[in-house]
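Biologist: I would like to learn how to read a model by its helices and their packing. Where should we begin?

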Amino acid sequence: MLGESHALLVDFPEYQDKISLLTANDTEFAEDAKRYHKLDTEIRKLELRNTPTSDEFIEQAKLDRLVLKDKLYQLFTQA
């Protein structure tokens, strides 16, 4: 769905405590999470405003978001 938030806490509310703990205590996780949320916000803004952009740009942005999400998911579901 266009414009849908894919924030980590929206998609994985059951991991809220673990995500918060990692964000506070793991610098790399916090930086990746920040990049993820910034990218998610940018994608949603482009979709909601129907901003003209190339298909390649938006698809690459979505792929980058997915790669980051997978990386973060692996971290907060371990341990």
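Modeller: Begin with one residue: Ala30 lies in helix H3, helices being DSSP runs of H or I of at least four residues and strands runs of E of at least two, numbered from the N terminus. The model is predicted, so local features need pLDDT of at least 70 and side-chain atom pairs count only at pLDDT 80 or more, while totals for chains, interfaces and linings use all residues. Residues are numbered from 1 along each chain as its sequence is written, and side-chain values use heavy atoms, with hydrogens and water left out.

Biologist: Is Ala30 buried, partly exposed or exposed?

Modeller: The cut-offs are under 20% relative accessible area for buried and over 50% for exposed, with partly exposed in between (1.4 Å probe, protein chains only). Ala30 has a relative accessibility of 23%, so Ala30 counts as partly exposed. Its C-alpha atom is 17 Å from that of Pro13, and the two residues are 17 apart along the chain.

Biologist: What is the overall make-up of the protein chain?

Modeller: The protein chain has 4 helices and 0 strands, in the order α-α-α-α along the sequence. Its C-alpha trace spans about 40 × 20 × 15 Å along the principal axes. The protein chain has 79 residues, of which 28% count as buried. A contact is a pair with heavy atoms within 4.5 Å. Taking contacts between residues at least 6 apart in sequence, 74% join residues at least 24 apart.

Biologist: How do I read the packing of a pair of helices?

Modeller: The general description of two packed helices is the angle between their axes and the distance between the axes. Axes are lines fitted to C-alpha atoms, for helices over the stretch in contact, and angles run from 0 to 180 degrees between N-to-C directions. Here, helix H2 (residues 16–25) packs on helix H3 (residues 27–49) at about 110°, and their axes are 6 Å apart. That angle makes H2 roughly perpendicular to H3 (65 to 115 degrees; under 35 is roughly parallel, over 145 roughly antiparallel, the rest oblique).

Biologist: Is the crossing of H2 and H3 left-handed or right-handed?

Modeller: H2 passes H3 in a left-handed crossing, meaning that the near helix is turned anticlockwise from the far one by less than a right angle, clockwise being right-handed. H2 contributes Ile19, Leu22, Thr23 and Asn25 to the contact, and H3 contributes Thr27, Phe29 and Ala30. By class this gives 4 nonpolar, 3 polar and no charged residues (Ala, Val, Leu, Ile, Met, Phe, Trp, Tyr, Cys and Pro are nonpolar; Asp, Glu, Lys and Arg are charged; the others, Gly among them, are polar).

Biologist: At what angle do H3 and H4 pack?

Modeller: H3 and H4 pack at about 145°, with axes 9 Å apart, and this crossing is left-handed as well. Residues in the contact include Asp32, Tyr36, Asp40 and Leu46 of H3 and Ile58, Arg65, Lys69 and Leu72 of H4. The contact residues divide into 13 nonpolar, no polar and 11 charged.

Biologist: How far does H3 reach from its first C-alpha to its last?

Modeller: The expected span is 1.5 Å times one less than the number of residues. H3 has 23 residues and reaches 33 Å, close to the expected 33 Å. For H4 (residues 55–77), also with 23 residues, the end C-alpha atoms are 32 Å apart, which agrees with the 33 Å expected.

Biologist: Which residues of H3 are buried?

Modeller: As a general point, an α-helix has 3.6 residues a turn, so residues three or four places apart point the same way. In H3 the buried residues are Phe29, Asp32, Ala33, Tyr36, Leu39, Asp40, Ile43, Leu46 and Glu47, and they pack against H1, H2 and H4. In H4, Ile58, Ala61, Arg65, Leu68, Lys69, Leu72 and Phe76 are buried, packing against H1 (8–11), H2 and H3.

Biologist: What does Asp40 contact beyond four places in sequence?

Modeller: Asp40, in H3, is buried at a relative accessible area of 1%. Beyond four places in sequence, Asp40 contacts Glu4, Ser5, His6, Ala7 and Arg65. Lys69, in H4, is buried at 14%, and with the same exclusion of residues up to four places away Lys69 touches His6, Leu8, Asp11, Phe12 and Tyr36.

Biologist: Which residues does Leu46 contact, leaving aside neighbours within four places?

Modeller: Leu46 contacts Thr51, Phe57 and Ile58. Leu46 is buried, with a relative accessible area of 18%. Leu46 and Val10 are 36 residues apart in sequence, and their C-alpha atoms are 20 Å apart.
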